[in-house]
Amino acid sequence: MTQRVIAHVDIDYFYAQAEELRKPELKGKPIAICMFSGRTEFSGAVATANYRARELGVHAGMPIAFAKKKSKELILIPADRAYYSEVSARVMDILRAHSDEFEQVGIDEAYLDITKKTQSSFVSARKIAQDAKAQVLEEEKLTCSVGVGPNKLIAKMASSFKKPAGLTIVAPAEVKDFLRAMRIADLHGIGPKTVEVLAEKKITTIPKLAQTPVANLQEWFGENKGLMIHEKALGEDDSAVEEKEKQQYSRIMTLKEDTSSPEKLFEESRALADELAKKSNENGVHFKTVSIMLISSKLEAVTRSKTLERPAQKEEEILATAKELFGQFFSEKPGFVVRRFGLRVSNFSQSAREKQKSIFDF
DNA sequence: GCGGAGATGGACC
DNA sequence: CTAACGGGTCCATCTCCGC
């Protein structure tokens with residue numbers, strides 16, 4: 001097995017950097033890119049803050065009203081996803097050209113398999129990473145942070161090691177030392193809940209976690225997740241860098257006012273169903289399952305779904321199914337108060353590409 | 001026991 | 001004055017049910 005060389009590229013504070021790009025007067029000022037829910041003037045959350053805003057204690061995920069209180073100087077900018085998508089697509093094209101295999105993850109990051117290009121040399125990887133960063137800066141005026149490692153896990157952690165505009169190379173021999181300096185929460189895929197359970201077992205460092213028998217981890221977290229945690233603690237990850245087909249599309253919205261009325265939700269569903277139908281159409285997929293998602297003001301979430309007789313693609317099929325599901329749900333739980341709700345289509349029938357592939361799978 | 005369907009929850013950006 | 005809180009996606013797991 002050849003030694004893989006994987007890079008992870010993260011565009012620095014992407015939404016905010018993209019806004020600074022088209023409005024240079026914002027440079028040097030604290031800005032927060034916001035998702036306004038429209039419920040009240042400042043309800044919603046911060047999607048990204050630039051570094052000046054972070055110095056003031058403003059962070060992604062924070063309620064806008066809370067961020068605003070941190071500083072009078074803070075400039076609030078509504079998120080413009082269409083614009084960020086355009087910028088992102090151009091950056092991704094540049095990055096793709098520097099890779100053997102490419103995988104975009106979200107709007108602002110990507111993995112590059114550069115094993116062949118580097119002939120497994122981590123020295124040569126530095127040059128490629130520098131070239132890619134320089135080209136993105138030159139052509140799109142955006143800074144990125146890059147991490148290089150023997151797999152996706154280490155590359156991802158390396159890219160967050162030095163930000164912004166960082167470049168961190170972790171060669172195979174350095175993995176163990178690199179991990180020792182990290183916290184368990186820094187392991188990608190291990191979230192707060194997992195960290196908490198481990199803390200109860202007095203496991204608070206990565207070396208400690210690496211020594212913990214897999215059997216114990218599997219007992220606490222289940223077979224697959226236990227094994228996954230064990231491998232991450234050792235810095236192991238054999239997942240491939242490859243473009244993944246989307247498995248589902250969803251649209252969610254916050255209501256102006258809470259409701260328990262299935263009719264009201266059905267009315268609001270039109271816009272969401274329209275977008276989902278368009279998206280299915282654009283991508284040439286047919287869905288078999290339609291789901292509704294309801295979130296109460298106490299943040300309790302419920303989903304209900306239905307699988308159709310045959311694959312569908314039309315807005316009317318989404319709406320009719322959603323209507324049925326809303327009706328069923330509220331006859332069960334008439335008192336449920338909805339704050340946010342959404343629709344999802346999933347369970348796509350095979351795409352043309354997969355069909356091609358499966359012929360040769362034998 | 002197995003696969004599909006459905007529900008839930010964790011995780012990440 | 002206080003409390004305040006988005007949207008999109010993936011994945012694992014569990015349960016139920018028909019075979």
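# Chat about a protein with two DNA strands

Mentor: In this predicted model, strand S9 gives the most to the surface near DNA strand C, with seven residues.

Trainee: Which other elements give two or more residues to that surface near DNA strand C?

Mentor: Besides S9 (248–259), the elements that give two or more are strand S3 (44–49), helix H3 (64–70), helix H12 (223–233) and strand S12 (338–348).

Trainee: And which residues come nearest to DNA strand C?

Mentor: There are 23 residues around DNA strand C, and Lys-69, Asn-224, Gln-248, Ser-250 and Ile-252 come nearest.

Trainee: What part of DNA strand C is within 4 Å of the protein, going by its atoms?

Mentor: Of the atoms of DNA strand C that come within 4 Å of the protein, sugar and phosphate account for 70%.

Trainee: Where are the phosphate oxygens of DNA strand C, then? Start with Thr-254.

Mentor: An N or O atom in the side chain of Thr-254 is 2.7 Å from a phosphate oxygen of DNA strand C. For Gln-247 the partner atom is a backbone N or O, 2.8 Å from a phosphate oxygen of that strand. Lys-279 has a polar side-chain atom 3.4 Å from a phosphate oxygen of DNA strand C.

Trainee: How many residues of each class does the surface near DNA strand C have?

Mentor: Eight are nonpolar, eight are polar and seven are charged.

Trainee: OK, on to DNA strand B. How many residues surround it, and which are the closest?

Mentor: DNA strand B has 18 residues around it, and the closest are Lys-156, Lys-193, Thr-194, Ser-305 and Thr-307.

Trainee: How much of what lies within 4 Å of the protein is sugar or phosphate there?

Mentor: For DNA strand B, 98% of the atoms within 4 Å of the protein belong to sugar or phosphate, and the rest belong to bases.

Trainee: Which element gives the most to the surface near DNA strand B?

Mentor: That is strand S11 (301–312), with six residues. Helix H9 (192–200) also supplies at least two. By class, the surface near DNA strand B divides into four nonpolar, eight polar and six charged residues.

Trainee: What do Lys-193 and Arg-304 do with the phosphate oxygens of DNA strand B?

Mentor: A polar backbone atom of Lys-193 is 2.9 Å from a phosphate oxygen of DNA strand B. With Arg-304 the side chain is involved: one of its N or O atoms is 3.2 Å from a phosphate oxygen of that strand. Glu-109 has a polar side-chain atom 3.3 Å from a sugar or linking oxygen of DNA strand B.

Trainee: Back to Thr-254. Which residue in the loop between strand S2 (31–36) and S3 touches it?

Mentor: Arg-39 is in that loop. Not counting residues up to four places away in sequence, Arg-39 touches Thr-254, Leu-255, Lys-256, Glu-257, Asp-258 and Arg-339. The side chain of Arg-39 makes a polar contact with the side chain of Asp-258, at 2.7 Å. A polar atom of the Arg-39 side chain also lies 3.0 Å from the backbone oxygen of Leu-255.

Trainee: New topic: helices. How do H1 and H4 pack?

Mentor: Helix H1 (residues 14–22) and helix H4 (residues 81–97) pack at an angle of about 90°, with their axes 10 Å apart.

Trainee: Parallel or perpendicular, roughly?

Mentor: Angles from 65 to 115 degrees count as roughly perpendicular, so H1 and H4 are roughly perpendicular to each other.

Trainee: Which residues make the contact?

Mentor: From H1, they are Phe-14, Tyr-15, Ala-18, Glu-19, Leu-21 and Arg-22. From H4, they are Arg-81, Tyr-83, Tyr-84, Val-87 and Ser-88. By class, the contact has seven nonpolar, one polar and three charged residues.

Trainee: What about the backbone at Pro-164?

Mentor: A cis peptide bond joins Lys-163 and Pro-164, with omega about -10°. Pro-164 is in the loop between helix H7 (152–159) and strand S8 (167–169).

Trainee: And what is the phi of Lys-202?

Mentor: Lys-202 has a positive phi of about 65°, although it is not a glycine. Lys-202 is in the loop between H9 and helix H10 (206–211).

Trainee: Last one: what domains does the assignment give for chain A?

Mentor: It gives domain 1 (6–14 + 83–175), domain 2 (15–80), domain 3 (182–233) and domain 4 (248–356). The C-alpha centres of domain 2 and domain 3 lie 34 Å apart.

Note on methods: Residues are numbered from 1 along each chain as its sequence is written. Chains are lettered from A and ligands numbered from 1 in the order in which they are written. This is a predicted model: local features need pLDDT of at least 70, side-chain atom pairs count only at pLDDT 80 or more; totals for chains, interfaces and linings use all residues. Side-chain values use heavy atoms; hydrogens and water are left out. A residue is near a molecule or strand if one of its heavy atoms lies within 4 Å of it. A polar contact is a pair of N or O atoms within 3.5 Å; within protein, one must be able to donate a hydrogen and the other to accept it, and residues adjacent in sequence count only if both atoms are side-chain atoms. Helices (H or I, at least four residues) and strands (E, at least two) are DSSP runs, numbered from the N terminus. Ala, Val, Leu, Ile, Met, Phe, Trp, Tyr, Cys and Pro count as nonpolar, Asp, Glu, Lys and Arg as charged, and the others, Gly among them, as polar. Domain bounds come from an automatic or database domain assignment. Axes are lines fitted to C-alpha atoms, for helices over the stretch in contact, and angles run from 0 to 180 degrees between N-to-C directions. Angles under 35 degrees count as roughly parallel, over 145 as roughly antiparallel, 65 to 115 as roughly perpendicular and the rest as oblique. Contact means heavy atoms within 4.5 Å.
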